[in-house]
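Biologist: Please put the model on the screen, and we will go through the ligand site, the aromatic contacts and the backbone.

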Amino acid sequence: MTVAVSPASVQIADSTIAPALDIRHLTVRYREIEAISDVSATIAVGEHIAIIGPNGAGKSTLLKAIAGLQPIATGEIRWFGNTQAEPNTIAYVPQRLQVDWRFPVSVSDVVLMGRVGRIGLFRRPSAHDRLLVQRALERVGLAAFANRQIGQLSGGQQQRVFLARALAQEARLLLMDEPLVGLDIPSQDEIFRALASLRSERVTVLTALHDLQQASRYFDRVMLLNRRLIAFAPAREAFTAMNLVATYGGHLHLTSSGDSILTIADSCCDSSQMTHHD
Ligand code: ADP
Ligand code: MG
C-alpha cells in the first residue's frame, strides 16, 4: 500500500487515499453493558469484510455504530477520512427488517426508496433514477419481479430487494447484518453474486455472518469478534483453533481431520447454521 504525504497545513481529508473505515479504540455501551470494547481496525476502500462471532458478540452493535445509528462511548470512527459519516454514502441492511409486507407497494417502489436521499422526498424520480433501480434489480436477479407486490415474494427475494435498494442508493459502504439467515442456498448464492459485482465499483462491504466457509470463500478478511476483536486477517490466518476458541468459547466444538475443521457453534439459530469448514 502506498501512502501519499500531503503538506501538514492541508486539513481536508483526501478521500481518494483515506481508508473506507478507520476504527480506533471503539467502545460502545448500552447502560452498564459494554457491547464492544476497544475495537480498532482499518478497512481499505473496496475491501469485503466478514464479521464472525457468537450471538451477543457485538456484531450488530459494531455495524450500527459504523452506520452512525449507535452512539459511541469512547474511541472514534473515520469514514473515508472524515469524522462524520455522510448518510448517502452508507447503506445499512438491518438484521430483522421491520416491514409490513402487506403494504401494497411494488418491488421497484421499495428499491426506488434507496434514491430518496439523493433526489429528495418531494422531487419526482428521473429516468436516471429509474435506470439505477432497474440495474440494481438485475444485479440481485430480480429484474423480472419489478412490478410484483412485495408481499408476494419469498424470504430470500425480500432480502434481495433490500440489497437492491442499497445498490440503487449508490452507497460506497454497504453494511449487512446476517443477510443470509433463513435463506435457501440459491438465494444465498444470489446475494454473493451481487456482492461480487460490487467489487468493480470498489464498494466496501461489511457483512455479519455465521458460516466460516462462506466467510473464507467470499471475503478478503474476517473479523473475529467477541466483544473484543480477537483477530482481523484473511480467513486462513484468522481461523486458527486458538482464535476460534477465543471467539466462541464454550459454544464451539472443534474436530479436525486432515486439512478440514468442523466447527459447530451451538450459539446460533438452528442446525442449518452448523458449519463445515475445509
Ligand atoms: P450480536 O449481533 O453479535 O448478536 P449485539 O450487538 O446484538 O450482538 O449485542 C451485543 C451485546 O449488547 C449483547 O449482550 C446484547 O444483549 C447487548 N445489547 C444489544 N442491543 C441492546 C440494547 N438495545 N439495549 C441493551 N443491550 C443491548
Ligand atoms: Mg446481531
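Modeller: Strands here are DSSP runs of E of at least two residues, numbered from the N terminus. By that assignment, D38 lies in strand β2. Bear in mind that this is a predicted model.

Biologist: What is the sign of phi at D38, and about how many degrees is it?
Modeller: Most residues other than glycine have a negative phi. D38 is not a glycine, yet its phi is positive. At 39% relative accessibility, D38 counts as partly exposed. Its phi is about 50°.

Biologist: Phi of E178 is also a positive value; is E178 buried or exposed?
Modeller: E178 lies in the loop between β6 and α6, and its phi is near 45°. The cut-off for buried is under 20% relative accessible area. E178 has 7%, so it is buried.

Biologist: Which secondary structure elements each supply at least two residues of the shell around ligand 1?
Modeller: The shell includes Y30, I33, A35 and P54, as well as K59, S60 and T61. The largest share, three residues, comes from α1. The elements that each supply at least two residues are β2 (33-43) and α1 (59-66).

Biologist: How do the residues of that shell divide by polarity?
Modeller: Gly counts as polar in this scheme, and G56 and G58 are among the residues that surround ligand 1. The shell divides into five nonpolar, five polar and one charged.

Biologist: Which residue places a polar side-chain atom 2.8 Å from an oxygen atom of ligand 1?
Modeller: Two other contacts to ligand oxygen involve the backbone: an N or O atom of A57 at 3.2 Å, and a polar atom of G58 at 3.0 Å. The side-chain contact at 2.8 Å comes from K59.

Biologist: How much of the accessible area of ligand 1 does the protein cover?
Modeller: The reference is the accessible area that ligand 1 has on its own, 560 Å². Of this, the protein covers 60%.

Biologist: How many aromatic pairs does a search of the whole structure find, and which residues form the cluster?
Modeller: The search finds two aromatic pairs. In one, the rings of F192 and Y218 have centres 3.9 Å apart and planes at 10°, so the pair is stacked. This pair links helix α6 (residues 185-197) with helix α7 (residues 212-218), across 26 residues. The cluster is F192, Y218 and F219.

Biologist: Why is the pair of F192 and F219 classed as it is?
Modeller: Planes over 60 degrees apart count as edge-to-face. The rings of F192 and F219 have their centres 6.3 Å apart and their planes at 80°. Because F192 lies in helix α6 and F219 in the loop between α7 and β8 (221-226), the pair ties together parts 27 residues apart in sequence. The class is therefore edge-to-face.

Biologist: Is Y218 buried or partly exposed?
Modeller: F192 is buried, with a relative accessible area of 6%. Y218 has 27% relative accessibility, so it counts as partly exposed.

Biologist: Which residue has its charged end over the ring of F232?
Modeller: There is an arginine over another ring, with R172 over the face of F80 at 4.0 Å from the ring centre. Over F232, at 4.0 Å from the centre, sits the charged end of R221.

Biologist: Which backbone oxygen lies 2.7 Å from a polar side-chain atom of Q169?
Modeller: Q169 is found in the loop between α5 (155-168) and β6 (173-177). Q169 is buried, with a relative accessible area of 13%. The backbone oxygen belongs to I90.

How values were computed: Residues numbered from 1 in each chain as written. Chains lettered and ligands numbered in written order. Predicted model: local features only at pLDDT ≥ 70, side-chain atom pairs only at ≥ 80, totals over all residues. Heavy atoms only, no water. Near = heavy atom within 4 Å. Polar contact = N/O pair within 3.5 Å; in protein donor to acceptor, adjacent residues only side chain to side chain. Areas by Shrake-Rupley, 256 points an atom, 1.4 Å probe, with all protein chains shown as cover. Helix = DSSP H or I, 4+ residues; strand = E, 2+ residues; numbered from the N terminus. Phe/Tyr/Trp six-rings, centres within 6.5 Å; stacked < 30°, edge-to-face > 60°. Buried < 20%, exposed > 50% of the residue type's maximum accessible area, 1.4 Å probe, protein only. Lys NZ or Arg CZ within 6 Å of the ring centre and 35° of its normal.
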